[in-house]
Amino acid sequence: WGSITVEDGGTLVIDNPAEKNAKLMLMGTAVVTLEPGAKMISKSTLGVETASAANLIISAQEGKMAQFLYHPSVNQGRHPQATVEYHSKAKKLTAWDRFGFPDYKGMCINQIKFKGPQAASLIYEWNNVINDWKVISDHSKEIAPVTGLTLTNNSTDGGIIYQFPCEIVGNLNASLELENGWNSFSNSYTANADVEAYLKSIINNYFDDLSAALYIYKNGEESSDWDVIGLQDFKDGKYDAALAKLDPMQAFLIKKTSKKTVMGSINYEEQVWNPANGITTPATAPRQMMDMNKVIITLTDAQGKDVRLTIREAAEFSAEYDNGADIAMYENANRFNFYATTDFDNQCQIATNDIEGQVLTLATKGETSFTMSFSDVRGEKMAIRDNMTGDVIEMAEGVTYNFIANANEVSERFTIIAAAQAPTAIQKAEAAVKAAKFIRHDQVILQNNGRLFNVLGAEVK
């Protein structure tokens, strides 16, 4: 026979409800092509058999991939060969993708092919010793499945399509031992992985050993922009839907928080196959949600780059580490960072039973001009005090606050306070002096019979 093409939105199902032994055999020049957005589901325990990787094409284009789900009972002995495509947004050797190889037994770089234009490429692996990415110079080195990698190339506009001739399977049964600190992993399956199910599994199995949060990179960016999603975000019921699933081959970071031996992997049946077929896996959450106060604070620099900090306050949270709600900041080495300072780590999400007095730190690079805004505001009114100027800003939807900072400084710039707290005249005067020193290198301007003005010309009252 010739070929079958499953177009965008189409689904090819292989199933024999009575016997569960249906098989699709692709031999010779027979080809099944899954166009980007198409899906193939093998519900049979026999499933798909291919003569070579050329018989099954799992295609990709910008923002869209085909998917192939294999029955989870088939994990040994049957590994259909396929050509899996990956559409890269990387370019100019400065914009990056985070991805992983789709082969069940691992691959090496020299096995990768191109569809269409080629580009000189560099692939990196995470090195926990140097706490950074390190280029893989040995292209014959076998990279284990579920390993998260970084890719860049010299393409001017991006859009390079890489092809991976490989063997794919459900129930990968592959895991790697996590090192203390940051670890880079990937969804090595050819189907979406459910993030909430994955985080619940972490809570159930490794409550004290792993942070119940995933750090997912914005592929194609030129800076270290990682989106973060924790288990508490799902409990809140408000999160970026794009972060609720891991695309095929999508890499992510996860943080190990103990010295115990912990193995990292994605459970195919619970986190890929079941969600795709509408089956939910019950999991015990560490606590039940109650009414809480919440706000997301966003800092945006003059170039439009932003950093978000989520703050939650509720009686059910503690002053110590709350897994899935307290989430450590991944430091951006290229530009500013904004985080909550705690005894256990610098946090991009902080949850506590008493947020009043919480210090927020700003660490700048070259930036000096910022705008602060607030979203997802819930519960009692709270305010934030600028410790350099003395300004008190109510944290409310639609409120913005513009301020100046010195370049390349780290300062405990802000403190969360009760909305009713207003600074005294002495506090304003002290803050104005701090602001003057902070902004203009020890310049304090006194005019008109001793009245005090800050360097921006505003009178301090």
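Here is a walk through this predicted model, from the chain as a whole to one sheet, one helix, a pair of strands and the cavities.

Let us begin with the overall makeup. The chain has 4 helices and 38 strands. Of its 461 residues, 51% are buried. Contacts reach far along the sequence: taking those between residues at least 6 apart, 76% join residues at least 24 apart.

Now for the cysteines. A disulfide is a covalent bond between the sulfur atoms of two cysteines. The structure holds 0 disulfides. Two cysteines are still worth finding in your viewer. Cys 166 has a relative accessible area of 4%, and because this is under the 20% cut-off, Cys 166 counts as buried. Cys 348 is buried as well, with a relative accessible area of 10%.

Next, turn to an open sheet built from 4 strands. Their order is S19-S24-S21-S22, and the pairing is antiparallel. The edges belong to S19 (181–186) and S22 (226–230), each of which pairs on one side only. From one strand to the next, the twist averages 30°. As background, strands of a sheet pair through backbone hydrogen bonds, either parallel or antiparallel.

Strand S24 (residues 251–256) is a good place to look at this sheet in detail. Its pairing with S19 is antiparallel and runs over 6 bridges. Along this pairing, Asn 183 has Ile 254 as its bridge partner in S24, and Ser 186 stands opposite Ala 251. With S21 (213–217), S24 is joined by 2 bridges, and these two strands also run antiparallel. Here Tyr 215 has Leu 253 in S24 as its bridge partner.

How many of the residues of S24 are buried? The count is 6 of the 6, so S24 is largely enclosed by the rest of the structure. The alternation of side chains is useful here: in a regular strand they alternate between the two faces of the sheet. In S24 both faces are covered. One side carries Ala 251, Leu 253 and Lys 255, the other carries Phe 252, Ile 254 and Lys 256, and all of these are buried. The two lysines, Lys 255 and Lys 256, are thus among the buried residues of S24.

A helix accompanies this sheet. Helix H1 (residues 195–205) lies across S21, S22 and S24, running at about 140° to S21. One residue to pick out in H1 is Leu 199. Its relative accessibility is 0%, so Leu 199 counts as buried. Leaving aside neighbours within four places in sequence, Leu 199 is in contact with Ala 212, Ala 213, Leu 214, Ile 229, Gly 230, Leu 231 and Phe 234. Take Phe 234 from that list: it is 35 residues away from Leu 199 along the chain, while their C-alpha atoms are separated by 9.8 Å.

Further along the chain, strands S26 (293–301) and S27 (306–313) make another instructive pair. They pair in the antiparallel sense over 8 bridges, with Lys 294 standing opposite Arg 312 in S27. The two strands form a hairpin with 4 residues between them. In its turn, Gly 304 has a positive phi of about 85°. S27 is mostly covered, with 6 of its 8 residues buried. S27 has another partner too: it pairs with strand S30 (residues 346–352) in the parallel sense over 4 bridges. In that pairing, Thr 352 in S30 is the bridge partner of Glu 313.

Finally, consider the empty space inside the model. Rolling a probe the size of a water molecule over the atoms shows where empty space is left. Here the count comes to 3 cavities of 30 Å³ or more. The largest cavity has a volume of about 100 Å³, and 13 residues line it. Which of them are closest to its centre? They are Asn 293, Lys 294, Val 295, Met 382 and Met 395. The elements giving two or more residues to this lining are S26, S27 and strand S32 (369–378). That brings us back to the hairpin, since S26 and S27 are the strands that form it.

Key: Residues are numbered from 1 along each chain as its sequence is written. This is a predicted model: local features need pLDDT of at least 70, side-chain atom pairs count only at pLDDT 80 or more; totals for chains, interfaces and linings use all residues. Side-chain values use heavy atoms; hydrogens and water are left out. A disulfide is a pair of cysteine sulfur atoms within 2.5 Å. Buried means under 20% relative accessible area, exposed over 50%, partly exposed in between (1.4 Å probe, protein chains only). Two strands pair if DSSP finds at least two bridges between them. Axes are lines fitted to C-alpha atoms, for helices over the stretch in contact, and angles run from 0 to 180 degrees between N-to-C directions. Contact means heavy atoms within 4.5 Å. On a 1 Å grid over the protein atoms alone, a cavity is a set of points where a 1.4 Å probe fits but cannot get out, and a pocket is an open set with protein on both sides within 12 Å along at least five of seven lines; lining residues have an atom within 4 Å of a point. Grid points are joined across faces, edges and corners, and a volume is the space filled by probe spheres set on the points.
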